[in-house]
Amino acid sequence: MLPGVIGAERELSAGPSFRRIIYRTYPIDQRHAMNKTELIEHIAVSADISKAAASRALESMIDGVKKTLKKGGSVSLVGFGTFAVTKRAARTGRNPRTGTAIKIKAAKVPKFRPGKGLKDAIN
């Protein structure tokens with residue numbers, strides 16, 4: 001890829017008609033946070049499905065994780081990681097404007113613990 005090139009085009013044949021799918025590729029040295037749209041495009045291209053189907057699949061996966069965590073369970077994806085809920089205790093904090101002490105309520109917080117496969121892939 002040439003320096004400064006942000007995207008690339010790839011044509012896929014889908015039956016009798018051709019559709020052009022534009023997806024983004026980034027140089028390794030450039031830091032980029034993938035957003036939801038780009039993730040849907042990546043899923044659609046790599047799985048050879050439509051963007052609509054990829055979007056429905058991603059939404060379904062996110063919804064399933066949310067519902068499981070809300071019930072207090074955890075979602076474990078072998079080789080990727082585990083989504084779980086932890087409890088954060090009540091504590092005393094400070095108002096940054098006035099400096100007065102405030103009480104912060106206890107809360108449930110979602111956590112992600114990466115699996116060995118993910119750790120090995122990025123190192």
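The side chains of Glu41 and Lys51 meet in a salt bridge, with 3.8 Å from N to O. Glu41 lies in helix H1 and Lys51 in helix H2, so this bridge ties together parts ten residues apart in sequence. The two partners differ in cover. Glu41 is buried, at a relative accessible area of 8%. Lys51 is partly exposed, at 41%. The value for Glu41 falls in the buried class because that class takes residues under 20% relative accessible area. These values come from a predicted model.

**Overall layout**

The protein has three helices and seven strands. Along the sequence they follow the pattern β-β-α-α-β-β-β-β-β-α. Of the 123 residues, 15% are buried. The accessible surface comes to about 9900 Å². Carbon and sulfur atoms hold 57% of that surface. Among contacts with a separation of 6 or more, 26% are between residues 24 or more positions apart.

**Salt bridges**

The count of salt bridges comes to four. The table gives three of them, including the Glu41 and Lys51 bridge described above.

| Salt bridge | N to O distance | Location |
|---|---|---|
| Lys36 and Glu59 | 2.2 Å | Lys36 in helix H1 (residues 36-47), Glu59 in helix H2 |
| Glu41 and Lys51 | 3.8 Å | Glu41 in helix H1, Lys51 in helix H2 |
| Asp120 and Lys116 | 2.8 Å | both in helix H3 (residues 116-122) |

Take Lys36 and Glu59. Their closest N and O atoms are 2.2 Å apart. Lys36 belongs to helix H1 and Glu59 to helix H2, so the pair ties together parts 23 residues apart in sequence. Lys36 is partly exposed, with a relative accessible area of 41%. Glu59 is partly exposed too, at 37%.

The bridge of Asp120 and Lys116 sits within one helix. These residues are four apart in helix H3, about one turn of the helix. Asp120 is partly exposed at 46% relative accessibility. Lys116 reaches 61% and counts as exposed.

**Aromatic cluster**

Which residues do ring pairs link into a cluster? They are Phe80, Phe83 and Phe112. The count of aromatic pairs comes to two. Phe80 and Phe112 form a tilted pair, 5.4 Å centre to centre with 50° between the planes. Phe80 lies in the loop between strand E3 (75-77) and strand E4 (81-88), and Phe112 lies in strand E7 (residues 107-114), so the pair ties together parts 32 residues apart in sequence. Phe80 is partly exposed at 36% relative accessibility. Phe112 is partly exposed as well, with a relative accessible area of 34%.

The other pair is Phe83 with Phe112, which is also tilted. Here the centres are 4.9 Å apart and the planes make 50°. Phe83 is in strand E4 and Phe112 in strand E7, so this pair ties together parts 29 residues apart in sequence.

**Around the cluster**

Two of the phenylalanines also contribute to a surface patch. Met61, Leu77, Phe80 and Phe112 make a nonpolar patch of about 320 Å². Met61 comes from helix H2 (residues 51-70). Met61 is partly exposed, with a relative accessible area of 37%. Met61, Phe80 and Phe112 can join such a patch because its members need over 30% relative accessible area.

Ala84 gives another view of the region around Phe112. Ala84 is in strand E4 and is partly exposed at 23% relative accessibility. Its C-alpha is 6.4 Å from that of Phe112, although the two residues are 28 apart in sequence. Leaving aside neighbours within four places in sequence, Ala84 is in contact with Leu69, Gly73, Ser74, Val109, Pro110 and Lys111. Of these, Val109, Pro110 and Lys111 fall within strand E7 (residues 107-114).

**The E5 and E6 hairpin**

How do strands E5 and E6 run? Strand E5 (residues 91-94) and strand E6 (residues 101-104) are antiparallel, joined by four bridges. Gly93 stands opposite Ile102 in E6. Arg94 faces Ala101, also in E6. Six residues lie between the strands of this hairpin. In the hairpin, Gly99 takes a positive phi near 85°.

Terms used. Residues numbered from 1 in each chain as written. Predicted model: local features only at pLDDT ≥ 70, side-chain atom pairs only at ≥ 80, totals over all residues. Heavy atoms only, no water. Helix = DSSP H or I, 4+ residues; strand = E, 2+ residues; numbered from the N terminus. Buried < 20%, exposed > 50% of the residue type's maximum accessible area, 1.4 Å probe, protein only. Contact = heavy atoms within 4.5 Å. Areas by Shrake-Rupley, 256 points an atom, 1.4 Å probe, with all protein chains shown as cover. Phe/Tyr/Trp six-rings, centres within 6.5 Å; stacked < 30°, edge-to-face > 60°. Patch = residues over 30% accessible without salt bridge, like charges linked within 9 Å, V, L, I, M, F, W, Y side chains within 5 Å. Pairing = 2+ DSSP bridges.
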